[in-house]
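User: Could you take a close look at the part where the two chains meet, and tell me what it is made of?

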Amino acid sequence: MKEKTKRTIAFYSMISPWFVVFILFGLFPMLYGLYLSFTNYYGFNIKHLKWTGFHNYHKVFTDSDAMYSLGRTLYVTAINVPLSVLIGLGLAMLLNKQVKGVGVYRTLFYLPSIVPPLASVIMWKFIFSSNNGIFNGILDRLGLPTVNWLGYDYATPSLLIMLLWGAGGGIIINLAGLKGIPRDLYEAASIDGATPFKRTIYLTMPLMTPVIFFNVINGIIGSLQILMQPILLNGTELLSRPIQPNYLYAVHAFQQVFAFQRFAYGMALLWILFLAILILSIIVFTTSKYWVHYETDQE
Amino acid sequence: MNTSNPTQKGSFPLYAALILFSIVFMFPLYLALANAFSNWNTSPGLVPSGFKPENFKYATTMIDFWHFGKNTVILCLIPLCTSTLTSGLVGYAFARISVPGRNVLFMIVLSTMMLPGMVTQIPQYILFHKYGLLDTFWPWVFWGIGGNAFFIFLYRQFFAGIPKELEDAAKIDGCSIFRTYWNIFLPMSAPVIATVSIMTFTGAWNDFMGPFMFLKQDHYPLATALSTISYTAEGTKLIIQPVATAAAILLMIPVLLTFFFGQRYIVEGIVTTGVKG
């Protein structure tokens with residue numbers, strides 16, 4: 001057998017587990033879902049589906065709940081992504097210094113992002129609770145008026161605080177980027193008289209932009225899909241409806257499917273979410289040539 | 001690769017910042033602990049009201065805790081035995097075997113990371129329902145065999161960084177491509193295997209939406225059970241918060257221990273693989 005044929009056979013047999021599962025459990029369901037979004041499927045009529053064209057998609061844009069939740073989701077994303085990217089980077093820069101017991105701090109900072117979401121919601125409820133919650137206790141002691149953290153006015157800031165508490169999840173990827181910056185660059189900059197502050201702004205930041213870019217894209221993808229935190233923060237069951245300001249887009253889609261069996265409509269909602277993710281990612285990609293620094297000697 | 005940054009001795013403000021952030025990140029965990037030991041019918045406070053370690057015992061007896069725990073273990077073992085291995089195989093092929101079409105296929109792998117999970121999960125739910133696979137563990141087996149896009153990416157980055165001479169030496173010795181992977185590359189990849197295993201375990205242990213969608217209560221893992229079944233006082237709908245918190249802490253412990261002992265490997269694994277293309 002020729003070397004090239006051998007390689008081809010080896011390659012395709014090695015990727016076959018992923019490829020077969022991708023076709024059967026990824027691509028096929030995806031297209032099936034796309035098809036269903038053009039029908040009137042509501043859970044019992046799978047044998048008598050009717051093609052309804054763009055009806056469901058039209059409905060998404062006239063459904064005030066969907067549009068409201070989309071707005072709230074974009075709002076949460078617009079605050080959550082920049083802040084969590086900055087916090088992740090800032091914490092990683094702290095941990096990149098030579099300090100004693102850095103492993104301990106690394107563990108402590110990273111822990112919140114691996115705590116089961118269910119457990120972290122339970123903990124934050126203690127803090128936000130309006131009667132005898134910790135935040136209100138502190139406000140009270142300072143002589144300030146207490147607020148209803150999980151009520152209409154503060155529910156979204158509370159959700160954001162809870163989400164940002166887990167922002168340490170970005171530490172590892174940032175640390176990997178920081179450790180990849182060659183040390184001699186810093187030494188050269190020091191010899192040229194650059195202060196630590198200048199080194200951070202003119203050296204670390206530009207060299208970290210590929211990692212920041214990666215985190216921004218990932219953050220957008222994740223933030224637009226936030227689902228369980230708003231549900232559990234106010235409700236006690238997975239099918240309960242979050243308080244209005246935290247009624248996010250993925251929650252709306254989840255409710256349509258699992259609480260009301262509106263499968264076809266739910267799929268239309270999710271395909272629009274997918275398009276929103278794509279569009280936002282493309283926007284970030286096109287801006288990247290203005291701010292993401294790529295090494296010139298790329299392979 | 002192993003360059004460390006400018007040597008700066010830890011200064012006072014640096015330690016103050018580190019300690020301050022540690023307090024911020026640990027505070028909710030401390031509160032949970034304080035509440036888990038508290039007496040029933042007291043509101044959560046900064047110090048536990050009383051000392052009631054029995055709450056942890058009640059957490060495991062008031063609901064079918066160990067039964068759900070067994071389901072959790074099964075749902076963790078399935079991807080650990082499948083996804084960890086197949087992701088490595090696929091990542092290796094993408095890193096070391098150059099054939100036409102490879103880059104397009106790799107772009108497809110990466111683009112699946114952008115897809116909202118529910119876009120495939122809900123049609124899958126309908127299809128699994130049709131073929132009688134709902135409320136079984138089979139979907140987890142299939143997903144596991146298919147690997148995970150992010151892990152494929154990590155393995156690929158790792159394998160791509162290994163010098164070509166090793167491969168050439170193996171070829172001269174007459175090793176097949178698969179043997180080269182198995183005997184030479186795989187034994188070298190302990191850090192990335194550890195990283196992927198820890199992340200697989202944590203993800204599977206914490207996932208409660210997937211099982212909620214595809215399983216019924218009897219097959220729920222702990223994470224799903226705790227978010228759907230309440231610890232209520234007999235005959236009432238009143239939730240006994242300290243017991244529920246104790247259960248949440250029990251749920252956390254295996255993940256925290258795994259991370260504590262494994263974090264060295266994760267950092268090493270990701271730092272040495274590198275995240276840049």
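Analyst: Let's start with the yardstick: buried area is the accessible area (1.4 Å probe) that two parts lose on being put together, summed over both. By that count, chain B and chain A bury about 9000 Å² between them, and 79% of it is on carbon and sulfur atoms. Before going on, some ground rules: this is a predicted model, where local features need pLDDT of at least 70 and side-chain atom pairs count only at pLDDT 80 or more, while totals for chains, interfaces and linings use all residues. Residues are numbered from 1 along each chain as its sequence is written, chains are lettered from A and ligands numbered from 1 in the order in which they are written, and side-chain values use heavy atoms, with hydrogens and water left out.

Counting contacts (heavy atoms within 4.5 Å), chain B puts in 97 residues and chain A 93 residues. Salt bridges, meaning a side-chain nitrogen of Lys or Arg within 4 Å of a carboxyl oxygen of Asp or Glu, come to zero between chain B and chain A. The side of chain B that touches chain A has 67 nonpolar, 25 polar and five charged residues, where Ala, Val, Leu, Ile, Met, Phe, Trp, Tyr, Cys and Pro go down as nonpolar, Asp, Glu, Lys and Arg as charged, and the others, Gly among them, as polar. On that side of chain B, helix α1 (residues 12-36) gives the most, with 16 residues. Helices here are DSSP runs (H or I, at least four residues), strands are too (E, at least two), and both are numbered from the N terminus.

For a single residue to zoom in on, try Thr86(B), in helix α4 (residues 83-96) of chain B. Thr86(B) counts as buried because its relative accessibility is 13%; the cut-offs are under 20% relative accessible area for buried, over 50% for exposed and partly exposed in between (1.4 Å probe, protein chains only). Leaving aside residues up to four places away in sequence, Thr86(B) touches Pro17(A) as well as Gly144(B), Ile145(B), Gly146(B) and Gly147(B).

As for the chains themselves, chain B has 14 helices and zero strands, and chain A has 13 helices and zero strands. Buried residues make up 51% of the 277 residues in chain B and 52% of the 299 residues in chain A.
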